[in-house]
Amino acid sequence: MFLKLVPDSTNIQFTRMRMAAMALSAALIVGSFIALFSLGLNFGVDFRGGVTIEVADSEPIDIGEVRTVVSGLGLGDVKVQSIQDFAGTEEAVVVFIEQQEAGEAGESDGEAAPDGDAPEAEGDANELVQQEAATQVQEALKTLLGDDIEFRKIDVVGPTVSGELIQKGALAVVLAIAMMLIYIWLRFEWQFSLGAIVALVHDVIITLGMFAVTRLEFNLAIIAAILTIVGYSMNDTVVVYDRVRENLRKYKRKELAEVLDLSINDTLSRTVMTSVTTLLALAALAVFGGEVLRGFTLAMIWGIVIGTYSSIFVASPFLLATGVKRDWSKQSATATP
Amino acid sequence: MLQFSKTQIAGIVGLIILGLAFAIPNFLSEETRNNLPGFLPKTTINLGLDLQGGSYLLLGVDTDKVIDDRMRAVMSDIRREMRPNRAGGRERVSIDNLAYNEATNVVTLRLRNEADLNEARDRVRDVTRGGLGGGLGLGLRPYAVSASGARIEIAMTQEAERFYSSESVRDSIEVVRRRIDPAGNKEVSIQPQGADRIVVQVPGDDDPEALKAIINRTGQLSFHRQDPSVNPQDAAAGLLPPGRMLVPFAEFEGSGAPPMVLFEDAEVTGDMVENASAGPNSDGGGFQINFTFDSRGARRFADYTRNNIGSIFAIVLDGEIISAPRIQSAITQGNGRITGNFSALEASETALLIRSGALPAELTTLEQRSVGPDLGRDSVEAGAKALIIGFIGVIIYMVISYGRFGVYADMALIANVILIAGVLSLLGSTLTLPGIAGIVLTVGMAVDANVLIFERIREELANGKTPINAAEVGYQKAWSAILDANVTTFLAALIMFQLGAGPVRGFAITLAVGVVTSVFTAYVLTRLFAGGYLLSKRPKTMAL
């Protein structure tokens, strides 16, 4: 009488599919690595440094014209993109300028009189040229489009900060995974902990691979998304593991593979249910949440799908490979007939 | 498990009412809020700059420069101190060489006669004794002086270095505040970050370019003697005697005068200026800046002008001459005026710059994030829309999946959002766009606990348990999974908060708060509803 995406009792033999799943995961991971090394990530201004300016006008903006004018400023690699809402109406135009190097071009004509601090002055000059470039682009856009345009967003990130943000972002992801490892270790057994971490690393790599392939901008928000995916995927894995532990106590004689299958099937309905509610919320964000959140939302949606897959097909079968303690009723392993 | 005592129920209901009380001020106008009786909470959630529009600037303070400046000042004090002083009956100490090494931060004084060493060392000790900034611990010397042979080395102690660095950050914050918020009525936030950084957050639609222009000027004002014996052209060609500098004129209208050769050592510096204001030029035409010295500055300026009548001096601001008058007579009243070719705007900006004092060191903009008010408004609308639609979607989905129990879960979900709003208001935290995303995501994930429980109850029902029994067992058995699952998400949020920047922190906060409140609403509140239904109706069968 109620909507049930998964029938009440299922008996799918997930562990039998582990070879196929392993092949698929291996292919995805290898593919991700290839994409990451050949294409790399499309780092946004947060991590690469440089300038992003989002400009809106009452009339439609000719992207080609903007590109010509901004390229003419001699600021290196320039990208111009149009931002559209879901209906396809143009909301704004984004101009991206790569990080500027001080002293290369004749652009920075010494606004700050250097008074001898050679090493620091150079570092400061590298920060200063980003600011100057941002000002130049704003002036050029005003000249081209008129003074009444609105600068919806201006991001200027210098080399110092972008370097720090990369470090902190990477550190955050590694730290998150390490904390999960320790927590699961404390609550379960090391085999579980290892299985969960393998699944997490699997999810993170494939998510990064997706970003390399799709060329979606990789920025600070995406780091937040990855951390959330780590949390979510862990969440999924823990629920299955929790049931595995319970069933191991209950069915002391069953084959481990059987116990795993039983546990996954027991929790399958919940796994699907939670994924659907989360995806519902994310879909609302993707469609209505505006352009600022789009990359974040897409990363999350992808992560939920991968995270759900990995808890069923990676984390659990992994226990088969390592084996687990079977007798949870006693602290020390004593032989029971 | 399903039984609740009266106190427990009162506690649960009380908590939700409390959450509501803290959440409500967000929906009231400021006026109604101010008219609320005193015992009611009034704090609201602040909108982040990405939602209300505004500028975020991360500024780097050049603390190395501050140390260098201090050491250079020590060096010129020492040079002065080695000169003869007729009144004090002091002889000249001949200097062979006096230099400052920027890499090591050490001033080295080499004497011509080794015999002068003790006398020279005493004089050096005299000028380096005082805690220049004040506030250094008693008996703590800011400089270490060591002497051997004909050499004296002066280095700053590490404590002093740290002290002056953090002092320069504090001073910079004060100066920046005086510049962007002279009246003290704006909602600007200026805060130190790390050892040598400042975060400036200015909400509203102020032009970020203008903001940066006023922050990034050092505002270093000084009065210098001209050295008429050196030809500026020779100086430009590199024939600059030690202790002199070639300074260009500021680019005011009609100036374009050739640069002047000035003595490096300033006669009076901007920190001795007490006040400055713009006014119409008293000689007619244009604007001027009127300023007042403090007592020390007034004395120095009086001495200087008395002894140099007829010669030219220059007023230098940030490495440019803004005025170069000839001294007509001794100026003893301690005030003066700068008559360049100022426009009204230039005069008032320059006066503000002088009045707010000089930055101890140049500020470098390391990062800028500006959001226009329109994008902010769009983001709020989009976020709210996504929240409502996502919310409705999840609510409907829960009802069609679990019927009556779905309704319980939905009520818990509503309570959850109220509690999140309440806690965020209580903390006075800042809501960013990613923060809204965090709430939307929490809505999707918060029902997870209920899903876990309900699925468990279904299983137990299928095993032939009675509804009450099944519910009891369901809640009991689902707990460990709920706990583990939420702790992991909480840990992820914690790391994001620790390491995240700006908006990401907003996301981390809402996610963390949402995790905690959702465990309460999903596990406790729904149990209260389910228990109330099951224990009063005692149904034989239950649809789930």
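Into which domains is chain A divided? In this predicted model, chain A has domain 1, made of 14-43 + 161-322, and domain 2, spanning 50-157. Domain 1 is thus written as two segments, and domain 2 as one. The C-alpha centres of these two domains of chain A lie 38 Å apart. Four residues from domain 1 of chain A and four residues from domain 2 of chain A make the contact. On the domain 1 side, two of these residues are nonpolar, one is polar and one is charged.

Chain B comes next. Its assignment lists domain 1 (6-52 + 373-537), domain 2 (63-158) and domain 3 (217-366). Between domain 1 of chain B and domain 2 of chain B, the C-alpha centres are separated by 65 Å.

Now look at how the chains meet. Chain A puts 65 residues in contact with 66 residues of chain B. Several elements of chain A each supply at least two residues to its side: helix H4 (118-145), strand E5 (150-157), helix H5 (159-187), helix H7 (220-250) and helix H8 (256-288). Sorted by class, the side of chain A that touches chain B holds 38 nonpolar, 14 polar and 13 charged residues.

Strand E5 of chain A also pairs across the chains. Which strand of chain B does E5(A) join? The partner is strand E18, residues 363-371 of chain B. Five bridges link the two strands, and they run antiparallel. One of the residues to pick out is A:Val156, whose bridge partner in E18(B) is B:Gln368.

The largest nonpolar core is the next stop. It has 238 residues. Which of them touch the most other members? They are A:Leu227, A:Val230, B:Val440 and B:Met496. Helix H11 of chain B, residues 373-427, gives the largest share of this core, with 22 residues.

Follow A:Leu227 outward. Leaving aside neighbours within four places in sequence, A:Leu227 has contacts in both chains. On the chain A side these are A:Ala172, A:Val173 and A:Ala176. On the chain B side they are B:Ala492, B:Ile495 and B:Met496. B:Met496 is itself among the core residues that touch the most other members.

Finally, turn to A:Ala125. This residue sits in helix H4 of chain A. Is A:Ala125 buried or exposed? A:Ala125 counts as buried, because 20 C-beta neighbours lie inside 10 Å. The cut-off for buried is 20 or more. For a sense of distance, take A:Ala125 and A:Ala170. They are 45 residues apart in sequence, and their C-alpha atoms are 27 Å apart in space.

Notes:
Residues are numbered from 1 along each chain as its sequence is written. Chains are lettered from A and ligands numbered from 1 in the order in which they are written. This is a predicted model: local features need pLDDT of at least 70, side-chain atom pairs count only at pLDDT 80 or more; totals for chains, interfaces and linings use all residues. A nonpolar core is a set of buried Ala, Val, Leu, Ile, Met, Phe, Trp, Tyr and Cys residues joined through C-beta atoms within 7 Å. A residue is buried if 20 or more other C-beta atoms lie within 10 Å of its own, exposed if 12 or fewer, and partly exposed in between; C-beta atoms are placed from the backbone. Helices (H or I, at least four residues) and strands (E, at least two) are DSSP runs, numbered from the N terminus. Two residues are in contact if their C-beta atoms, placed from the backbone, lie within 7 Å. Domain bounds come from an automatic or database domain assignment. Ala, Val, Leu, Ile, Met, Phe, Trp, Tyr, Cys and Pro count as nonpolar, Asp, Glu, Lys and Arg as charged, and the others, Gly among them, as polar. Two strands pair if DSSP finds at least two bridges between them.
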